[in-house]
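Here is a short tour of the aromatic rings in this protein and of the charged groups that sit over some of them. Keep the viewer open as you read, so that you can find each residue in turn.

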Amino acid sequence: MRYNSTSRRAFLKTSAIAASTLALRSPSALAQSTQADAHIEILPGEPIATIAPELYSHFIEHLGGVIYDGVWVGENSKIANENGIRKSFIDTMRAVQAPVLRWPGGCFADSYDWHDGIGPAAKRPARTGFWGQQDNNRYGLHEFMHTCRAIGCKPYLAANLRTLPARDFYQLVEYCNAPSGNVPSNSAAPAVPNTLAAERAANGDPAPFNVDYWGVGNESWGCGGNLTPEEYAAMYRRFTAWLPTYNHEPLKLIAVGPNGDDVDWTTRLAKSLSDNPEHRNLWGLSVHYYTSGSPTKFAAGDALKYNDADFYDLLTRASIMERVVTDHYKAIGNAGSSHPVKLVVDEWGAWYGKGTELAPQYNLSQQSTMRDALLTGITLDIFQRHADKVAMANVAQSINCIHSLMLAEGDKFTVTPTFHVFKMYLPHRGAQAIRANFTAPDIANPLANAPIPAGGNSYMGSLPPVKTLAGLSGSASIATTGNGKFLTLSVVNPHIDRPLTTEIAIQGATIASATGTVLVSADVHNHNTFDHPNAVKPAPATVAQPTAGRLLHTFPAASVTTLQLTLA
Ligand code: AHR
């Protein structure tokens with residue numbers, strides 16, 4: 001989209017309002033450079049929370065080519081592997097320091113029997129899985145744990161609430177977490193080895209898996225049982241009334257939360273759970289929010305063919321994640337609680353229709369362009385700006401699926417632009433999120449004429465059309481190292497053809513030096529393919545040296561940038 005006189009006028013108006021707003025703030029670090037199109041004022045005196053590394057977590061499901069061929073190629077494959085697990089998958093997950101991996105679903109989880117995936121591979125049953133696939137169960141619980149071990153991440157399991165009894169849930173916990181050898185007995189009975197732990201050992205893993213994160217069902221409002229919030233609350237209480245813990249940390253139980261902005265689900269669930277105070281160890285509320293490639297239909301639109309209006313509309317609807325997070329956090333009813341329940345956004349990403357899948361059997365695989373990289377940056381920045389509310393987030397899904405970091409087919413492999421954004425944001429992890437004010441010309445959403453469905457495949461509720469997209473957005477964090485204070489600023493410029501020269505200032509501090517990395521491409525449709533895996537990749541940003549403690553930096557059109565600032 002070319003800038004017309006209206007948007008230019010709107011920009012000047014926005015800038016003028018911003019300038020006067022900032023002028024009222026005292027003391028302002030910004031001097032309103034006349035050269036600047038936009039301003040970022042970082043406020044180290046306004047900490048938000050520590051950025052949990054878990055905000056960068058992952059998700060894999062038995063679906064299309066995610067597990068088979070994506071993660072699992074088999075020990076005898078010619079494709080490089082570690083005990084059957086694709087080596088390039090492990091290496092890439094290590095490169096982004098994946099903290100947590102969720103499995104086995106998704107919708108698949110609520111028809112999966114974990115017993116099918118343990119024991120000698122040749123004896124495992126073949127079953128029809130949720131997505132219509134035939135699954136020989138070659139990849140099961142132990143293979144998943146070995147995957148986590150190879151990556152160096154924590155496992156996050158989803159219990160089957162729809163088709164298995166509560167007993168299978170607590171026995172799965174027992175199978176995973178009971179210590180080997182004699183288990184101390186809290187009774188006059190002698191300590192004896194636990195039978196499920198012995199079975200685990202016989203299946204190759206004497207040491208317990210020590211799984212902390214447990215999803216209690218998945219999308220129970222939909223594929224997980226079509227339940228009402230009240231029905232689900234009753235199920236949640238029954239499945240979690242007792243679970244073995246083995247003096248390990250309390251289990252981190254994650255209840256099924258809403259689809260998108262379905263606040264009614266969260267409000268009613270919170271009420272039903274608190275009607276009976278015995279909802280022990282509720283650690284997180286799962287939230288799923290997908291951005292459809294189409295403004296009017298879920299899981300539609302083309303991953304590669306889109307015009308400027310589609311581009312801006314998708315990013316505008318992705319930005320609704322901010323409202324999703326704040327609405328649900330408010331609706332949980334944490335007020336007055338000494339153990340606030342945080343959000344676990346364990347499925348997010350852009351979900352397109354058919355057309356760019358690797359091959360028909362790679363169900364839900366799709367291509368990923370610079371547009372998706374921008375969506376990734378916008379989303380991760382939202383999580384960081386709300387680091388006090390979001391405890392974990394899992395992109396859906398890591399490989400060969402909706403918003404993937406990797407695509408693989410046989411011996412062909414590539415990372416997507418989304419992978420690069422995950423990598424660029426690494427310095428934020430574990431740092432203190434701090435507030436930052438972004439002042440830039442807004443972008444009018446050209447397609448803001450239809451209400452937005454409350455959530456991906458939601459059946460209820462809608463949000464009013466969202467008319468504007470922030471012209472520049474991002475997040476800031478500060479870490480103290482042996483060499484002093486170190487600030488990371490990530491910034492997304494979503495304007496398709498407009499670089500934004502931006503004045504960056506830090507309240508109460510001066511910028512001593514700056515370096516940066518930028519992800520940008522000549523065309524927003526650009527993406528990586530098996531033949532051109534480096535078509536889109538980051539490069540060092542051209543960063544000027546600060547003047548009088550401030551930085552004037554130009555964020556290229558349609559780019560994601562991370563800047564590392566050292567403070568004087
Ligand atoms: O990620 C694909 C599917 O999307 C998951 O299985 C389900 O939880 C969601 O509807």
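The notes below go through the ring pairs and then the charges over rings.

Please bear in mind that this is a predicted model. The structure holds 21 aromatic pairs. Two of them are described here, one tilted and one edge-to-face.

**A tilted pair and its cluster**

- Phe108 and Tyr112 form a tilted pair, with 5.1 Å from centre to centre and 35 degrees between the ring planes.
- Both of these residues, Phe108 and Tyr112, are buried.
- Phe108 and Tyr112 also belong to a cluster linked by ring pairs, together with Trp72, Trp103, Tyr139 and Phe144.

**An edge-to-face pair across the sequence**

- Phe298 and Trp351 meet edge-to-face, their centres 4.9 Å apart and their planes at 70 degrees.
- Phe298 is in the loop between strand E13 (282-292) and helix H8 (308-318), while Trp351 is in strand E14 (residues 342-351), so this pair ties together parts that are 53 residues apart in sequence.
- Are the two partners buried or partly exposed? Phe298 is partly exposed, at 24% relative accessible area, whereas Trp351 counts as buried, at 10% relative accessibility.
- The cut-off explains the split: buried means under 20% relative accessible area, so Trp351 at 10% qualifies and Phe298 at 24% does not.

**Charges over rings**

- Arg371 places its charged end over the ring of Tyr306, 3.6 Å from the ring centre.
- Arg102 lies over the face of Phe59, and here the distance to the ring centre is 4.5 Å.

Notes
Residues are numbered from 1 along each chain as its sequence is written. This is a predicted model: local features need pLDDT of at least 70, side-chain atom pairs count only at pLDDT 80 or more; totals for chains, interfaces and linings use all residues. Side-chain values use heavy atoms; hydrogens and water are left out. Rings of Phe, Tyr and Trp (its six-membered ring) pair if their centres lie within 6.5 Å; planes under 30 degrees apart count as stacked, over 60 as edge-to-face and the rest as tilted. Buried means under 20% relative accessible area, exposed over 50%, partly exposed in between (1.4 Å probe, protein chains only). Helices (H or I, at least four residues) and strands (E, at least two) are DSSP runs, numbered from the N terminus. A charge sits over a ring if NZ of Lys or CZ of Arg is within 6 Å of the ring centre and within 35 degrees of the ring normal.
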